[in-house]
Amino acid sequence: MGITWVQVLQIFISLSILIVLHEFGHFAAARLFKTRVEKFYLFFDFLFPLATVFNFALFKKKIGDTEYGLGWFPLGGYVKIAGMVDESMDKEQMKLPPQPWEYRAKPAWQRLIIIMGGILVNFFLAMFLYIILMGVWGEEYLPTENAKYGISCEPSAKAIGLRNGDKILMVNGKKVENFNKISAEILLSSPALLDIDRNGDKIQITVPDSFVRDILDQRVKGFISPRAPFFIGKIRKVEAEKAGLKPDDQIIGINDSSLLFVDEFIPVVQKNAGKKITITVLRNKKDTVVCALAVPADSLIGLELNAGIKEFLTLKKIEYSFFEAIPAGINKTFSLLGSYVSQFKLFSPKYGGAKQIGGFATMATIFPKSFSFEGFIAITAFISLILAFMNFLPIPMLDGGYVVFILYEMITKKQPSDRFMEITNYIGMIFLFGLMLYANGMDIYRGIFQ
């Protein structure tokens, strides 16, 4: 996957912060209702999910009734709330009569708030971070209408009839304002109908459901991108430098043919592997220079594309005042949450998306390879939103599983037995542990064989 240490450190720090804050949500709610919290741990001090195996902490200190510690098993974390069937599976305590300071002695509505504490902290943390992002950095994106050269297509996009230079006007009859959201809109609204402007002619293309499966199988992150002129970024090979090519040159021709775009340049170079070519560039936006270069057998001539698109496409920048950033951040939170929830359709057997599940290595790849506060905060906010949603799912051992049992109790006035809670929690732990092994196993498999 090409993961760097910068990405590894970012995912480790981000998850550690989010875990501590999630557990603090439970801790604070419990203390609010005078419920004793016996342990507060980052990572597990046992071999999860086996609560009685290898019990030791790297660090621990008891303050008041609570033992604060750092576990040795670096996955997740937990708070042990007195009188609650949880990860610790403390059966002995549950055999004793309920005490006033215990979770099980509290009314259902208080227990519900204690359970929801972690989810609410993650959700409002995401909202807070998005408000900061809007207020400090604002938003910048490429409006679809400003992609004046159209799209550049990957082979998967060409297979459904798209062509380099096409301009996507609408997806299922709707205009997509942000160019970067077109791919997701096509995948999530499959089968999709695209309205295309191709050299002035209006055509329609139907994207079949099979396209979504193909994209997921190929693990393609993006099948279209803004079509762009070839501005040289870095020069990786001495031969290209000796030929006279320089950073910031714009390639406008190859041999006797004019050429403006990256997607036109690469196939011509590949076709001329092992031969000599002439590359015409525009230097300083005014001087035309012709450079002769021998293309190696592997067709890699050592020219890196200038990643920035600001030189040739007009981005839209939105800046927010302090008070404007608040509603903008809130809207961003709900918009991204809705988008994330809608992506669950891709994990149905129809699309085979379960094969795309990844573990910590996959999560690390969403962080940038070079650190920036803006990128770190943005991704941490998104992961916090994911944690809030995932913990709300009605799965035993997750917060959502406890919420279901409490709501059942509030409706029926009957509390599930401790034995029932133990069994369902065991089932939940086995499921979650199996899912964790599968997700990280897929990372290892892809790292070795793909």
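The legends below describe close-up views of a predicted model.

**View 1. The second largest pocket and its lining.** This pocket has a volume of about 360 Å³. Its lining is made up of 20 residues. Those that lie nearest the pocket centre are Ser-152, Glu-154, Ser-225, Val-262 and Asp-263. Two or more lining residues come from each of strand 6 (151-153), helix 4 (155-158), strand 10 (224-226) and helix 8 (262-271). Helix 8 gives the largest share of the lining, 4 residues. Sorted by class, the lining residues are 12 nonpolar, 4 polar and 4 charged.

**View 2. The open sheet of strands 7, 8 and 9.** These 3 strands are arranged in the order 7-8-9, and their pairing is antiparallel. Strand 7 (167-171) and strand 9 (201-207) are at the edges; each has a single partner strand, so one side of each is left without a neighbour in the sheet. From one strand to the next, the twist averages 30 degrees. Strands of a sheet pair through backbone hydrogen bonds.

**View 3. Pairing of strand 7 with strand 8.** Strand 8 covers residues 192-198 and is joined to strand 7 by 4 bridges. The two strands run antiparallel. Within this pair, Met-170 has Asp-195 of strand 8 as its bridge partner.

**View 4. The open sheet of strands 1 to 4.** A sheet of 4 strands has the order 2-3-1-4, is open, and shows mixed pairing. Its edge strands are strand 2 (57-63) and strand 4 (73-81), each of which pairs on one side only. The twist in this sheet averages 10 degrees from one strand to the next.

**View 5. Pairing of strand 1 with strand 3.** Strand 1 (residues 37-44) and strand 3 (residues 66-71) run parallel. They are joined by 4 bridges. One position to look at in this view is Leu-42, whose bridge partner in strand 3 is Leu-70.

**View 6. Two cysteines, Cys-153 and Cys-291.** Cys-153 has a relative accessible area of 8% and Cys-291 one of 3%. Buried means under 20% relative accessible area, so Cys-153 counts as buried, and so does Cys-291. With a disulfide taken as a pair of cysteine sulfur atoms within 2.5 Å, the count for the model comes to 0 disulfides.

Note on methods
Residues are numbered from 1 along each chain as its sequence is written. This is a predicted model: local features need pLDDT of at least 70, side-chain atom pairs count only at pLDDT 80 or more; totals for chains, interfaces and linings use all residues. Side-chain values use heavy atoms; hydrogens and water are left out. On a 1 Å grid over the protein atoms alone, a cavity is a set of points where a 1.4 Å probe fits but cannot get out, and a pocket is an open set with protein on both sides within 12 Å along at least five of seven lines; lining residues have an atom within 4 Å of a point. Grid points are joined across faces, edges and corners, and a volume is the space filled by probe spheres set on the points. Ala, Val, Leu, Ile, Met, Phe, Trp, Tyr, Cys and Pro count as nonpolar, Asp, Glu, Lys and Arg as charged, and the others, Gly among them, as polar. Two strands pair if DSSP finds at least two bridges between them. Axes are lines fitted to C-alpha atoms, for helices over the stretch in contact, and angles run from 0 to 180 degrees between N-to-C directions. Buried means under 20% relative accessible area, exposed over 50%, partly exposed in between (1.4 Å probe, protein chains only).
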